[in-house]
Amino acid sequence: MLICPRCGRENPEDAQFCNGCGASLATCLPPGAEERKVVTVLFCDLVGFTARSDQADPEDVRAALHPYHTRVRSEVERFGGRVEKFVGDAVMALFGAPVAHEDDAERAVRTGLRVLEAVAELNKEAAVLDLAVRIGVNTGEAVVALQARPEEGESMAAGDVVNTAARLQQAAPVGAVVVGEITYRATRDTIDYERLKPARVKGKAEPLAIWRAVGIRRPLGAEVERLPAPFIGREDDLALLKQTFARTLRESSAQLVTVTGEPGVGKSRLVAEFRTSLEEQERTVSWRQGRCLPYGEGVTFWALGEIVKTHAGILESDGPDEALEKLAMSLTALVSDPLERDWIRSRLAPLVGARTPEAAGTVEREESFTAWRRFLEALASERPLVLVFEDLHWADPAMLDFVEHLVDWATGMPLLAICPARPELYERRLGWGGGKKNSTTIALSPLSTEETAHLISALLSQTVLPASTQRALIERAGGNPLYTEEFVRMLFDRGILERRERVVHVALGVEIPVPETVQALIAARLDTLPRDRKAFLHDAAVVGKVFWSGAVSAIGGTQLREVEEGLHELARKELVRPARSSSVRNQTEYSFWHLLVRDVAYGQIPRAARAKKHRAAAEWIEGIAGDRITDHAELLAHHDVQALELTKAAGADGGLAHLEERTRRSLELAGDRAMQLDVRMAESYFRKALELLPPDHTGRVSVLTKAAECAWLSGRFPEAERDYEQAISALRTRGDARGRWSRHGQPVIGPRLPRENGAVQGAPASGDRAARGRTPGARAGPGLRPDRQGHDAVGAKQGLLRVVREGPPACRGTRHPRCSRDGPAVPGICPV
Ligand SMILES: Nc1ncnc2c1ncn2[C@@H]1O[C@H](COP(=O)(O)OP(=O)(O)OP(=O)(O)O)[C@@H](O)[C@H]1O
Ligand SMILES: [Mg+2]
């Protein structure tokens, strides 16, 4: 049931609009909705307060704690966190749930540091309080109850991350913020840390690596300096920027360039490269840059404020009077008319955190806009002005209005406004920049595979990765330079890559995880989506990197038309992209823009829901495959196996037997299909099926003989023999005549026995049967039909024993890579 957020009416779960007031229900969640999320948990506890309050009157204790609680709550909320609970004098706060931000870990540590300051301020105000705190911050995966109401005592997040945060808090020195490893890795570019001795904590076998946050490395909003890799590709985009600038100069006009693209694709870098090119040409331009911040309230027009502050040389640490003075000084040089200068100064003052007596009271927005524009025009009249409004997708509507006002009204001055923005900008302001003749859009696409390879090589200082690691990296980074950088960095951090002299070594068999920074970035993007759109992505993620609208519709039980609409919108947001043609009739085929988006979306689905969705995906495949089901058997097996494993992991046992039976069948079918193409793959399907078959199951003999044949074809005779033995013994147990027959070594019908004319060449002289039997010499008959399975098993075993006894024949052909004219034969392949 969905409760309408506007009128409170209860609506059916699949309702899109409220039956009472017609409001959209796209953002409502059904009760009990859960999601797996990476969250950051902050625990803050007062030191020694319990002991001091031992004899105190409860009212005094509450009065003493009240200001502390209020301050902690306000700091948590200022940074977009949520107070989960107060337990006595301890506070637990959550960052990243219900809605994730890309910098939740940083927000939590900043909050911790602010709380320390707040406690010092409280002590200053009332020395009698004598408060001291310890703070622990930890990041990790949790199951989040999206509709929990912490204010009513309901817990929102559960998982080890919460317990460990509490333990970290206990291990923290008094007056310190201590963080765990994942938090450290996600924030080390912006927070200064001191490494502490690893902490032994209850419930953990190994001591935990911990760090103490000592300060913030950059003021809010400034860029982090990292030594960048050389600029790769993007020649056309850079050329377009230069041309537009040339036009600004030629026409003395205002031009707007919006640079759009998904996070990390290189918008800011492109602009930085443009700036470098201007510097290299030694052009005299004023370059002023300001960033829109994601923190929401209290930062309206922050970007413009930064521009004014930079121009006037105002520091964040300057007080209001100092700021006003600097502003006045900078305007003296800029605006000659004293009346106009005072007017501009009073309108600019609020942007730099100061106020003038003349500007007290509310000011008309139009008037402010005009004054600000006049200021920027004055700047541009001195020399060409480039204004960069970074991250415009975070700008509030008023800021967007101002940028439009500026480029519409500024005339007769060379002024270029560059606005890097993610695609969300177009949701905030539909048709941004459209229809203006002085507006250009540069949409950045992902780097090509060659360019990404080039970037990887540059990041590794020209050393070369093993081809398979390189391929995996390129695939997962999907042409996004930021993802590429973060992957390479993570591989070194986790010891997966190791540089010894000039050679990079790769740890074998290690799965490449998603770096926390990238995961947080993507999770934050997904959390900006309405509920139904995000649900489409979850359903699509279950299908895989490539998916079809019909599959999403079937899994989520939503009308195809609605799904098509939703996917179209997600494509506009650069989360998925449609394929030119579809491999399923009447359904649009899509793929995720990035494999990583799929991975993150998939990882958010709780296990029980994931299992259900996999089952639905399997059913959808059965529906579209019809008679050609064998062709899709491997896909089917994948979904069935996932559904089964996840159902078991989630602890549900209803319908498990049915699921096991179905999975066994699809695994066998998948094995049959793979048999034509890849024996090793086929064998792995049969072996998985065997794990699901109890010894007395009637289907076991069939799968055993198939697995045996695979082992046989791969030349692993002892294993083949073992499986045949088992098959025979199962037949015997069932009282099947064929099983008894073999016991007497009678010849059997069916299999083609090995020829007897060749001795093993080059086989070890020892009596090691396994070694001698490593090459095959016989075949268990042409394909295994169920009605012949017993004969096949028996015959193949007999053939096997014979080969082991006499050795396989030599191969007379050269068609098989593993044998030569002199080597042993491979049945069915070598022309023996
Ligand atoms: N063409 C390129 N060649 C080499 N490195 C690049 C290129 N483009 C981007 N990078 C690097 O990738 C990282 C991310 O780029 P950038 O910060 O410009 O992304 P963005 O699109 O501005 O992302 P966001 O939306 O988060 O602001 C940076 O470290 C940048 O130096
Ligand atoms: Mg950027």
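## Ligand 1 and two helices in a predicted model

In this predicted model, a backbone N or O atom of Gly266 lies 3.0 Å from an oxygen atom of ligand 1. Two side chains also approach oxygen atoms of the ligand, one through a polar atom of Arg422 and the other through a polar atom of Glu485. The table sets these three distances side by side.

| Residue and atom | Partner | Distance |
|---|---|---|
| Gly266, backbone N or O atom | oxygen atom of ligand 1 | 3.0 Å |
| Arg422, polar side-chain atom | oxygen atom of ligand 1 | 2.8 Å |
| Glu485, polar side-chain atom | oxygen atom of ligand 1 | 2.7 Å |

On its own, ligand 1 has 630 Å² of accessible area, and the protein covers 87% of that area. Two elements, helix H7 (267-280) and helix H16 (481-493), each give two or more residues to the shell around the ligand. There are 18 residues around ligand 1, and those that come nearest are Ile232, Gly264, Lys267, Ser268 and Glu485. Sorted by class, this shell holds 8 nonpolar, 3 polar and 7 charged residues.

Which helices does H24 pack against through its buried residues? The partners of these buried residues are helix H22 (607-625), helix H23 (633-649), helix H25 (679-691) and H26. The buried residues of H24 include Leu656, Leu659, Arg662 and Thr663, and also Leu667, Glu668 and Ala674. In an α-helix there are 3.6 residues a turn, so residues three or four places apart point the same way. The length of H24 can be checked as well: its 20 residues (656-675), at 1.5 Å a residue, should span 28 Å, and this agrees with the model because the end C-alpha atoms are 28 Å apart.

Helix H26, one of the partners of H24, can be examined in the same manner. It has 14 residues (700-713), which at 1.5 Å a residue should span 20 Å, and its end C-alpha atoms are indeed 20 Å apart. Buried here means under 20% relative accessible area, and because 14 of the 14 residues of H26 are buried, this helix is largely enclosed by the rest of the structure. After H26 comes Gly715, whose phi is positive, near 85 degrees.

Finally, the protein chain as a whole can be described. Its secondary structure comes to 30 helices and 20 strands, and 52% of its 832 residues count as buried. Among contacts between residues at least 6 apart in sequence, 68% join residues at least 24 apart. The accessible surface of the chain comes to about 39000 Å², with 50% of it belonging to carbon and sulfur atoms.

Conventions:
Residues are numbered from 1 along each chain as its sequence is written. Chains are lettered from A and ligands numbered from 1 in the order in which they are written. This is a predicted model: local features need pLDDT of at least 70, side-chain atom pairs count only at pLDDT 80 or more; totals for chains, interfaces and linings use all residues. Side-chain values use heavy atoms; hydrogens and water are left out. A residue is near a molecule or strand if one of its heavy atoms lies within 4 Å of it. A polar contact is a pair of N or O atoms within 3.5 Å; within protein, one must be able to donate a hydrogen and the other to accept it, and residues adjacent in sequence count only if both atoms are side-chain atoms. Accessible areas come from the Shrake-Rupley method with a 1.4 Å probe; for residues, only the protein chains shown count as cover. Helices (H or I, at least four residues) and strands (E, at least two) are DSSP runs, numbered from the N terminus. Ala, Val, Leu, Ile, Met, Phe, Trp, Tyr, Cys and Pro count as nonpolar, Asp, Glu, Lys and Arg as charged, and the others, Gly among them, as polar. The expected span of a helix is 1.5 Å times one less than its number of residues. Buried means under 20% relative accessible area, exposed over 50%, partly exposed in between (1.4 Å probe, protein chains only). Contact means heavy atoms within 4.5 Å.
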